[in-house]
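Q: Could you take me on a close look at a single strand of this model and at what its side chains touch? I would love one connected account, with the numbers along the way.

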Amino acid sequence: MSATGGTHWTGRAAVVLALAAAGLAGCEYADDVGLSPAASSPPSRSYPAKAPLPARDPELVAAETRNLLELGAILGSPEGLLIGGSGGIGDTSSGGFMTSGVVTRAGQYTVTAACIGAPDTHLSVTQGARQGGTLLELSLDCGSTAEARVDLVPGSVSAHVVRYGDGVPGPGTGAVAGIRISFSGPGQ
């Protein structure tokens, strides 16, 4: 008997090698010549081509681009920015824009929002139910900036700007909205 397990180890090794050889015997290998068509796997399932997305109206794209540039100038880029973003709100009758982020430091934050190209919108800032739920709701008159302060705690925060479906100005206007949430200082 040897120090590595004697005859038991030798028998087990032989069984493992025999199983490996049996498993490899059923495998197919390709070389530089390749496999014959009969030996290759069946062709993959083909799916019908998707119709391309409709092109956006160039005038609408130009209006949205102009409005986003104006919105960026109005909102600026405040110091201590936690989250911010902007996007279109006018392509559906209940269009809206949302952005979210994670608060790592509790304190008071300044929420700045604006919209361009629609008569008005509605802003809401929320944290999960454990962090306080809805913290701020404001009606925004588009073309001007609205600003408010909220106390935020660590956790996720979301800000939504929604244009309710009043039919005015309607789909395809290039209306946009933007939100900035920045740290103001310690909470109250």
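**A close look at strand β3**

A: Happily! The protein chain has two helices and eight strands. Starting at the N terminus, the order of elements is α-α-β-β-β-β-β-β-β-β. Please keep in mind that this is a predicted model. The average pLDDT of the protein chain is 77, and 63% of the residues reach at least 70. Among the elements, β3 has the highest mean pLDDT, at 94, whereas helix α1 (residues 6-25) has the lowest, at 54. That makes strand β3 the part I would like to walk you through.

A little background on the chain first. It has 188 residues, of which 31% count as buried. If you take the contacts between residues at least 6 apart in sequence, 77% of them join residues at least 24 apart.

Let us start with Thr110, which lies in strand β3, a run that covers residues 107-116. Thr110 has a relative accessible area of 9%, so it falls under the 20% limit and is buried. Its side chain takes part in a polar contact of 2.5 Å with the side chain of Ser184. A polar contact of 3.3 Å also joins the side chain of Thr110 to that of Arg149. If you set aside the neighbours within four places in sequence, the residues in contact with Thr110 are Glu147, Ala148, Arg149, Arg180, Ile181, Ser182 and Ser184. Both polar partners, Arg149 and Ser184, appear in that list.

Now move to Tyr109, also in strand β3. A search of the whole structure turns up one aromatic pair. The pair is made by Tyr109 and Phe183: their ring centres are 5.2 Å apart and their planes stand at 75°, so the arrangement is edge-to-face. Because Tyr109 belongs to strand β3 and Phe183 to strand β8 (residues 176-185), the pair ties together parts that are 74 residues apart in sequence. Are the two rings' residues buried or partly exposed? Tyr109 is buried, at 3% relative accessibility, whereas Phe183 is partly exposed, with a relative accessible area of 23%.

It is worth staying with Phe183 for a moment, over in strand β8. Arg105 lies over the face of this ring, at 3.7 Å from the ring centre. Beyond the neighbours within four places in sequence, Phe183 is in contact with Glu79, Gly80, Arg105, Ala106, Gly107, Gln108 and Tyr109. So Arg105 and Tyr109, the two partners of the ring described above, are both among the contacts of Phe183. As a further landmark for your viewer, the C-alpha atoms of Phe183 and Asp151 are separated by 9.7 Å, while the two residues are 32 apart along the chain.

Further along strand β3 you come to Cys115. The structure holds one disulfide, and it joins Cys115 to Cys142 with an S to S distance of 1.8 Å. A disulfide is a covalent bond between the sulfur atoms of two cysteines. The angle about the S-S bond is -105°, and the link of Cys115 and Cys142 is left-handed. Cys115 is in strand β3 and Cys142 is in the loop between β5 (134-141) and β6 (145-152), so this pair ties together parts that are 27 residues apart in sequence. Both cysteines, Cys115 and Cys142, are buried.

Two places outside the strand round off the tour. Arg163 sits in the loop between β7 (155-162) and β8. Arg163 is buried, with a relative accessible area of 1%. A polar atom of the Arg163 side chain lies 3.5 Å from the backbone oxygen of Ile89. The C-alpha atoms of Arg163 and Leu140 are separated by 9.8 Å, with their positions 23 residues apart along the chain.

Met98 is the other place, in strand β2 (residues 96-103). At 43% relative accessibility, Met98 counts as partly exposed. Leaving out the neighbours within four places in sequence, Met98 is in contact with Ser158, Ala159 and His160. From Met98 to Leu123 the C-alpha distance is 9.6 Å, and the two are 25 residues apart in sequence.

To bring it back to strand β3: Thr110 has polar contacts with Arg149 and Ser184, Tyr109 forms the edge-to-face pair with Phe183, and Cys115 is joined to Cys142 by the disulfide.

How values were computed: Residues numbered from 1 in each chain as written. Predicted model: local features only at pLDDT ≥ 70, side-chain atom pairs only at ≥ 80, totals over all residues. Heavy atoms only, no water. Helix = DSSP H or I, 4+ residues; strand = E, 2+ residues; numbered from the N terminus. Buried < 20%, exposed > 50% of the residue type's maximum accessible area, 1.4 Å probe, protein only. Polar contact = N/O pair within 3.5 Å; in protein donor to acceptor, adjacent residues only side chain to side chain. Contact = heavy atoms within 4.5 Å. Phe/Tyr/Trp six-rings, centres within 6.5 Å; stacked < 30°, edge-to-face > 60°. Lys NZ or Arg CZ within 6 Å of the ring centre and 35° of its normal. Disulfide = S-S within 2.5 Å. pLDDT = per-residue confidence, 0-100.
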